[in-house]
Amino acid sequence: MMPLESIPEILGSREVFAEKGGVHWLTLNGMSIRELAKAMNALHARFITITAYELPKDEGFRLEYHWDLDGQLMGFSFTLAAKSIESIFDICEAVDWIEREIHEEYGLEFTGREYEPLLLRQGDTTGVNLREVVIAGNAVAVSKENK
Amino acid sequence: MSYKIPMGPYHPALEEPYKLDMICEGETVLDAKLHIGFNFRGIEHLAETRNHIQVIALMERVCGICSNIHTLTLCSAMEKLTNLTPPPRAQYIRVIMAELERLHSHVLWAGIAAKLMGFKTMFMTCFELREKVMDVLQAISGNRVNYSMNRIGGVNRDIIDPGSILRMVEALELEMARTVIPIFTTSRTATSRCAGIGVLTTEKTIALGVVGPVARASGVPQDLRKAAPYAAYAEMEFDVPVQPDGDVRARLLVRALEIMESCKILRQALAKLPPGEIHTEGEKFAFITGTATARVEAPRGEVMYSVSWKEGSRNPARVHVRTPTFAVMPAIRWMVKGARLADTPLIQASIDPCYSCTDR
């Protein structure tokens, strides 16, 4: 098993991994997501998923990328000022569906890739924040039930 | 001349809505595109409108087969946000439920695979065995599908008589060893329909981040029960079956061998079931602000939950689920390339796809 302690240096980070909530988090010193993806490939880490968070008060979005290395779960956080980030699909094939899903759920753009037709909402359109649609729809349904 | 054959979203060879557009030349598939989302339910977002009790019931419905795994993973993540540790007996019961669910899932899959092979008697045998597993699950939880076993800090129901469950497991193991496994591993029908069909190479498995039995059948020995043990798995002795061939037969063999390993784990867990409470009795808890993540080896592979909470909030701020089928299903494109059209239903079924999990 590769020790996590040796990885920050490989990634050019002066920080150390901090375990929180079951994930080993590392703060990157300006490393781009594409550079990170290349480094993860070189380490033979397995990509797991990207978790998207919509931040409050129009602060944008945060994307958390997760990789597994010999059973150790690593997390890297990227805050998006605009609604776009570079795609890593050409570096890491495993991100295909989750990039497409986030694109369709939140209207985020993963630049530098082409999208297949809709993954989640057949016959619908992209660029709609599905989270807002579902939560608003649920509020209407609950209000009707209460009446 | 090539032509396109759409399979699905409603098709006799597919159990649930999903579409595979195949480009064929003669009987050979040249390429394929997958389409999901015909029943996308927005469950992750609905979870943000549920409190800590309601969200367990909601997430149990992500999957109709591995429902217990979803609540186990969710509760494990929520326990990290509430600093609750389930008592040892609860951890063992979680292992028992998880392995029974694996048996249920693998035997169900074996039945469906047999049906797609045109092996109807084997289909009947597998479904008879599945009933026996479901009888055990019902004896423990009172339910056949959504067991409502997990809660924050433990489990809802105890195993009163481990001896009776053990006898059921032994009968099941005997039947598996006597009929299912020998037939699947040695019969000419199974071999001719499965060997060399739908191959996924080790390199492609790694590149696509494939998980679970499909990865293990392509020579990738990953299993969270070993690599990152949870519940009481660190105290269990078992092997992780791996096959190098990457074809449908290898997937069949891996799951057949996993059935035997699950029985081995069940016997250990039932024999060593520690005394004591089944949940943190009367302990008040509160959620801290933050995100917690939990991973579990479901019957189809790794499930991951990321749960975010704000202190004082009734509902989670975010629940993200990465289901195994979501990671495995893109590999179908590579499995069907070069395959005969007639083999594609079996190839698709060989990943044991869960469309319900994918369209969560």
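Helix α2 of chain A, a helix being a DSSP run of H or I of at least four residues, numbered from the N terminus, is followed by H44(A), which has a positive phi near 60°. The model is predicted, so local features need pLDDT of at least 70 and side-chain atom pairs count only at pLDDT 80 or more, while totals for chains, interfaces and linings use all residues. Residues are numbered from 1 along each chain as its sequence is written, chains are lettered from A and ligands numbered from 1 in the order in which they are written, and side-chain values use heavy atoms, with hydrogens and water left out.

Within α2(A), which spans residues 33-42, the buried residues (under 20% relative accessible area, 1.4 Å probe, protein chains only) are I33(A), L36(A), A37(A), A39(A) and M40(A). Viewed down the helix axis, these residues fall within an arc of 165°, so they line one face of α2(A); the arc is that of the directions from the axis to the C-beta atoms. On the other side, K38(A) and A42(A) are exposed, that is, over 50%. The buried face packs against β4 (61-69), β5 (72-80) and β6 (84-86) of chain A, with contact meaning heavy atoms within 4.5 Å and strands being DSSP runs of E of at least two residues.

Turning to chain B, 15 helices and 8 strands are found. Its radius of gyration, taken over C-alpha atoms, is 20 Å, close to the 21 Å that the globule rule (2.2 Å times the number of residues to the power 0.38) gives for 360 residues, so chain B is as compact as a globular protein of that length. Of these 360 residues, 62% are buried.
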